Structure formats: C-alpha cells, structure tokens
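Thanks for sharing this one. Here are a few friendly notes on the cysteines, to read with the structure open beside you.

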Amino acid sequence: YVCSTWGNNHFKTFDGDVYQFPGICEYNFVSDCREAYKEFSVHIQRALNSNGHPEIQYILMKIKDIMVYLKPNLVVVDGRIVKTPYYTSGVLIESNEIYTKIYAKLGMTLMWNQQDALMVELENKFNNHTCGLCGDYNGIQIYNEFINGGAYNSITYGNMQKISKPNAKCEDPDETQALPSCNEHRDECRKLLTSPEFADCRLRLNLEMYIQACMQDKCACNGKEDSFCLCSTISEYSRQCSHAGGRPGEWRTQNFC
C-alpha cells in the first residue's frame, strides 16, 4: 500500500516495481484518476541541490478541495502559511525539523523527510484508481505501467507524468538514453543491508530491490566518498522496514550516515 521515491531518483510503485527517473519538471506523483470527482492529487518537483544531488523542492497536494503546498520547513494551506500541527476538515498536518506528515481521512498518509524521500500510503479502496509515477495500484507489477501496448522504458513512463505548465523551464530527460546499468558493488551493498541491525527487516522487504538501488547509487557516485550515495537507499530500507512493522537497530554511527 506504499509508494515511495528517494535518493538518486529511485521510485517504487504501489505494485512493487522499482525504477529510476531523473526528471526535474513537476510531475504527478500519485492522483486519484477516476473520471468523475478526483479525491486527491500529489505533485512533486525535484531539483539538484548544491552538491549535485536530487532533492524534492516542493510537493503540491490537493485533498478534496484543500490545496496544500509543502517546502522544507514551510506549510501553506489554501494560500496561507500555517503553523503545525494544523487541522482542517479531515486533514492533519504535522511537522518537525526532520519530517512533514499529512494524514487525510479519505485514506491517505504522506511522509516527507524534507529532502529526497517521500512516501505515500493509500488505503486499498483506491486499488485500480490511481495514476502517476506511483502506477495504477492494481496489484500487478509492470502491467499497464511499462508495457502499455508497447515496451516503455522508465524514462518514457516518467515523462508522461509531467504536469504541463506553460512557463516551466525544464527539459524532459532523453528517452533514448538508457540509464547506465551497474553490476559492481553488490557485495558491499549486500553486506550493508544484511547487517545485524537489519535482522528484523529481512523477511519484511524485497532485499534484492534495495541492493540494486544501492549499487546504482554507488555507480553514479563513481567512487566519491559521498554519504548521499551510500545512505539514501539504506535510509529508505530502514524507513520501509519500520513501516512494515520491523524494528531496525541503531545502524547510524558517528562515522556512518
């Protein structure tokens, strides 16, 4: 029931597909896509920060008729800056220095670490009703997202989710350029994700998925000792483990992440 995005442009759909999409426009992350009345939508925009890493710049949500705009340390509801915790007709917004969380009574929870990682949980009454980077939530991997009549790659799929804004200055990622594949760093990533601190996570999550994401992060950083390359996927693994009822141990140390 969870869709998430984190780190080096990784996405995991409700149905469990994992892909990378490096777009920097505004995109439909997840929306209720029924023809009639749409209950909610969540748009995101990423940009590269001063270290050259992708971060979410803002999140724009519509919940029934309420507009919520989130930036790091800023919550705007219907055009007004609000202090949290803030409650209005079926929507509770909480935030601290690290996370912003939104609970919507219609059956959605959103959690953002105010940097790279966003997670949306939806009740299963929205099965088959969503669209966007999170997919259609029909419980079947790949189908409809990446083989809709032809074989899409993840870049084509991501570009289709762009919100058209007449004055937006952003280029679509090139659909003919496959993202570099990566076969190195497997042992290192596996060792990190199977450390004793994560013993309670092994049976709750698809380990291979996170090993692959960690490998891609390491390859993208070309051997630079950069905490973003190492820590973002491990952090995501830890978050998802907690979310699945697991208890990750204290894996962060003074000199690691």
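1. A term to settle before the details: a residue is called buried when its relative accessible area is under 20%. Please also keep in mind that this is a predicted model.

2. Searching the whole structure turns up eight disulfides. A disulfide is a covalent bond between the sulfur atoms of two cysteines. Three of the links are discussed below.

3. Take Cys189 and Cys214, whose sulfur atoms sit 2.0 Å apart in a disulfide. This pair links distant parts of the chain, with Cys189 in helix α2 and Cys214 in helix α3, 25 residues apart. The S-S torsion is about -80°, so this disulfide is left-handed. Cys214 has a relative accessible area of 1%, so Cys214 counts as buried. Cys189 is buried as well, at 0%.

4. Helix α3 (residues 207-220) also holds Cys219. Its disulfide partner is Cys182, at an S to S distance of 1.9 Å. Cys182 lies in the loop between α1 and α2 (186-193), so the link ties together parts that are 37 residues apart in sequence. Here the S-S bond has a torsion of 55°, and the link is right-handed. Both Cys182 and Cys219 are buried.

5. Which parts of the chain does the disulfide of Cys3 and Cys134 link? Cys3 is in strand β1 (residues 2-6), while Cys134 is in the loop between β15 (130-131) and α1 (154-159), 131 residues apart. The two sulfur atoms are 2.0 Å apart, and the link is left-handed, with -85° about the S-S bond. Cys3 and Cys134 are both buried.

Note on methods. Residues are numbered from 1 along each chain as its sequence is written. This is a predicted model: local features need pLDDT of at least 70, side-chain atom pairs count only at pLDDT 80 or more; totals for chains, interfaces and linings use all residues. Side-chain values use heavy atoms; hydrogens and water are left out. A disulfide is a pair of cysteine sulfur atoms within 2.5 Å. Helices (H or I, at least four residues) and strands (E, at least two) are DSSP runs, numbered from the N terminus. Buried means under 20% relative accessible area, exposed over 50%, partly exposed in between (1.4 Å probe, protein chains only).
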